[in-house]
Each structure stands twice: as structure tokens, then as C-alpha cells.
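I opened this entry to work through one sheet and the helices around it, and then to look at how the domains meet. My notes follow in the order in which I looked things up.

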Amino acid sequence: MKEVLDYLEKTQTTHLEELKQFLHIPSVSTDSNHKEDIRKAAQFVADYLKEAGFTRSEMQETPGHPLVYGEWMEAGKSAPTVLIYGHYDVQPPDPLDQWQSEPFAPEVREGRLFARGASDDKGQVFMHLAVLKAFLKTTGELPLNVKVCIEGEEEIGSAHLYDILQQRKEQFQADFVMISDSGMVAKDQPTILYGLKGFTGLEVTLKGPENDLHSGLYGGAVKNPAMALAQLLATMKNAEEVVTVAGFYDEVEPLSEDERVLMKEAPGEDYPTSTGAPSTISEKGYTAKEHTMARPTLEINGMYSGYQGEGTKTIIPAEATAKLTCRLVPGQDPSAIQDLLVAHLEKHVPEGVTLSITREPLSAKAYKVSPDHPLIQHAAASLTETFAKEAVFVRMGGSIPVVEWFDALYQIPVVLLGFGTPEDRLHSPNESFPVEHFHKGMQTLVHYWEKVKNMQ
Ligand SMILES: [Zn+2]
């Protein structure tokens, strides 16, 4: 292992230059003007793997942008197989005038590499490529069997990946998945992300009279849909932030005492400072941190009805609409939760209005791997060795659909080992990544693959 680390030490400058070449390609997946650039970025990955010594490395066509598939399976049948997933496509760089340096002309300033994709996800993909190459160039082999899947459509919702994963199960089959497309809670604070929330939603509309009505002539005789909507929504959550939809919590996996300790140890956010909200709220019996990380939520994302213009307009609006979404936790099934929400709304709709509901087609299940899983414990230990600091364990309120797909289609653990920082400005102007995290991240991966090799 020492020779691999030495090699990485010696090739720091070369690797930074190679990464800059990769970042130089404007692989913006949403913009058809960049179709050729997308292919160039894919080719860069495929060539890198080939040059590193992968036995198989190719661009695979999809109905959209190609994915890069690579394979090195010489570690033997008894060695574990990892599938490394990432993406080479990036978000558009707009607004361009807000960039201090050109988004596709990478530049290091004050220890950070600035470029679109530096953190999300080309920079982190490159760390994996460089580490695999370092192993092969020094020891002639990898500590385990490796499959690589780097797609070009992540920033446009991974439009074709689910079908491909479903169709080519044999190709992608592995013992676990590794994804470096997330971040640490703070720079130099190693972080293990071991859970993500699921997601479901719907739109609810209440209709009253055929048209907006004069509030003096009809107020008192006709139900106001905006008021009816407020009354209906208010039946869904009480003042203690508990969702009052029957059955909502029935399948929720309880939060263990061990996990509560982990969450307490993880650095928290001072929400009033970071958000400007006057105070912090949380579900009764849970801290705000526990609520965001590990308890389901129900939110009104938007409400609209009636007159929105200047001054007064004395009407009873004809209808009122609200958009609702839930973030879900392990145990909860998105479509079952949607059914519960619909049943609740139907039961509680006030008299004098009619209810119509549109179900949000996008949904995802929550994902969680046990923090005690050896694959996770090895990741924490590798981070600690490299960053000289204990790793903290967190779950995240967000959702990453591809993680759920690997879980659902392959039933294998997904290790989320991200090296970004909160200052990276993903998707925004001046995206960057700390140069130091490239080096430390690569060292972490060397330690990790060695540990996983000896797991059996
Ligand atoms: Zn990403």
C-alpha cells in the first residue's frame, strides 16, 4: 500500500493537470449544443481506464448520452466486487458573468480548484480513476474486482439509467456500490452519509362556485375554497409538528438510541442563523436534527388562490390549490403514503367545495445502511486515518434516486463516500473543490480498498 501512496504523492501535479483537462470539457448534459463535448468527456473517462490497465473500458450507448463502463475482474472469485458509480456530465454554468474565472478554464485560487464540475462530480470521479490507476501502475493489480459506471445524464434526472440497470443486471452486478458525489459536513471533518430520505407528493385543488363571486352578495352563503383549503391542510399536522394523517407513522422504522447518539455527535446547524427563520421547530419528542435527518416530514410547497394583486378585491375565489410533498424514512412506502394522504383529504374535505387530487408521479423510497456495517466502518476508519479526525455519521433529508435504484434492483449496500465541502457551490457560479481534499480523498480510497480486500 505504501508504494501506491508514494506514487500518488509523486504524481500530485500530473493528476491535477489531468483533472484540469477533464474539467476543460464543457459536458453540459441538458444543452444539445454540447452533445459532442459530452462524448468527449465520456471518451476521456474510457481512455483513462484503458490507459490505467482496465481489461474492459468502453462507451455504451443509451437513448440519450452514453455511459462509460469499465471492468477489472482479475482479483479472483473470492474477492469482493465493487461497482463505482459517478457522473461526467455537469450543470450549465450560467449566469456566466458571476464567475470569477471561466467555468471551463480550471484555475486554482487560495487552495481551491475553480471550475464547473470540480466537486459535482468530475473532480470526485477523477479521484477514483487516479487511485485505480495508481494501484495498477505500482502493484499491477487492484485489491478487489472493480466495475465502473460513469453516466452522462445525472444532471438531467438519470433519464435512462434505471432501465439500463434493470436490463443489464449481469453486467453491473456487484457486492456493493461506491458513490463519491456528496460532501462532508465541514472541510476536514470526515463524514459518513448513511441514509437518505424518500419522497412523494400530490397537488390538491378545492373548487367552489363556477366563478369568483362578490363577497358581499355571496359571503355567508357559499363556502370560500381558500378558507376550506386552509382548514383542510390544518387537519394534517398539529401544533407539535406531528403529522395527523392516520397511519402516517405506522411503518416508520424507530430511531434507535445508538443512532440518536450519532446524530447528537454530528455537528449541527444553527437554523435561525443559517436560514433567518426566527426560531427552530421540531416534532415533539425529537430534536430538529433528528427530525430533518431521520423523521418523516410533510410540507406545503405552494398554495394559491384568489386575488394576488395590489390593494383589495372583495371576492370569494372560485378555487384554491396547494402542492404537498413528504420526505420519507425507511419503512415507509411512497405510494402507500400517497394513498393515506388522499384518504385523509377525502375524509376531511369541508362541505361546500369539491376536491380533486393529482398524484405526483415522481417518488423514491428512503435509503439507509447500518452505520455498523463493516463496509461503512471501514470507510470511517479510512477517513480517520487520512484526515486524523474521527468521522461523524449523518443521514440526509434529501433524496438521490440512483441510490434507491441500486438498493431496489440489486439489493446491495451503497457506500456514500463524498469529499465535497459546504463551500463548494454545486450548481452555482464559482463551483470549486479544495485541492487538499483531492489528495486526502485519494489516500482515503487507497486505505479503503485495502481494508475491503481483507474483509473476508
Ligand atoms: Zn452530482
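I began with strand β9, residues 198–207, which runs antiparallel to β14 and is joined to it by six bridges. Within this pairing I looked up L206 and found that its bridge partner in β14 is L355. I keep in mind throughout that this is a predicted model.

I then followed the pairing outward and noted an open sheet of four strands in the order β11-β13-β9-β14, with antiparallel pairing. The edges are β11 (297–305) and β14 (354–359), each of which pairs on one side only. From one strand to the next, I recorded an average twist of 20 degrees.

Next I turned to the helices. Helix α8 (residues 225–234) lies across β9, β11, β13 (319–328) and β14, and runs at about 20 degrees to β13. Helix α12 (residues 334–348) also packs on the sheet, where it touches β9, β11, β13 and β14, and its direction makes about 25 degrees with that of β9.

Last, I looked at the domains: domain 1 covers 2–196 + 366–453, while domain 2 covers 199–252 + 296–359. Their C-alpha centres lie 41 Å apart, and six residues of domain 1 are in contact with five residues of domain 2. How much area do the two domains bury between them? I noted about 400 Å², with 52% of it on carbon and sulfur atoms. On the domain 1 side, A366, R395 and S399 supply 71% of the area buried against domain 2, more than any other three residues. Across this interface I found zero salt bridges and one residue pair in polar contact, both residues at pLDDT 80 or more.

Notes:
Residues are numbered from 1 along each chain as its sequence is written. This is a predicted model: local features need pLDDT of at least 70, side-chain atom pairs count only at pLDDT 80 or more; totals for chains, interfaces and linings use all residues. Side-chain values use heavy atoms; hydrogens and water are left out. Two strands pair if DSSP finds at least two bridges between them. Helices (H or I, at least four residues) and strands (E, at least two) are DSSP runs, numbered from the N terminus. Axes are lines fitted to C-alpha atoms, for helices over the stretch in contact, and angles run from 0 to 180 degrees between N-to-C directions. Contact means heavy atoms within 4.5 Å. Domain bounds come from an automatic or database domain assignment. Buried area is the accessible area (1.4 Å probe) that two parts lose on being put together, summed over both. A salt bridge is a side-chain nitrogen of Lys or Arg within 4 Å of a carboxyl oxygen of Asp or Glu. A polar contact is a pair of N or O atoms within 3.5 Å; within protein, one must be able to donate a hydrogen and the other to accept it, and residues adjacent in sequence count only if both atoms are side-chain atoms.
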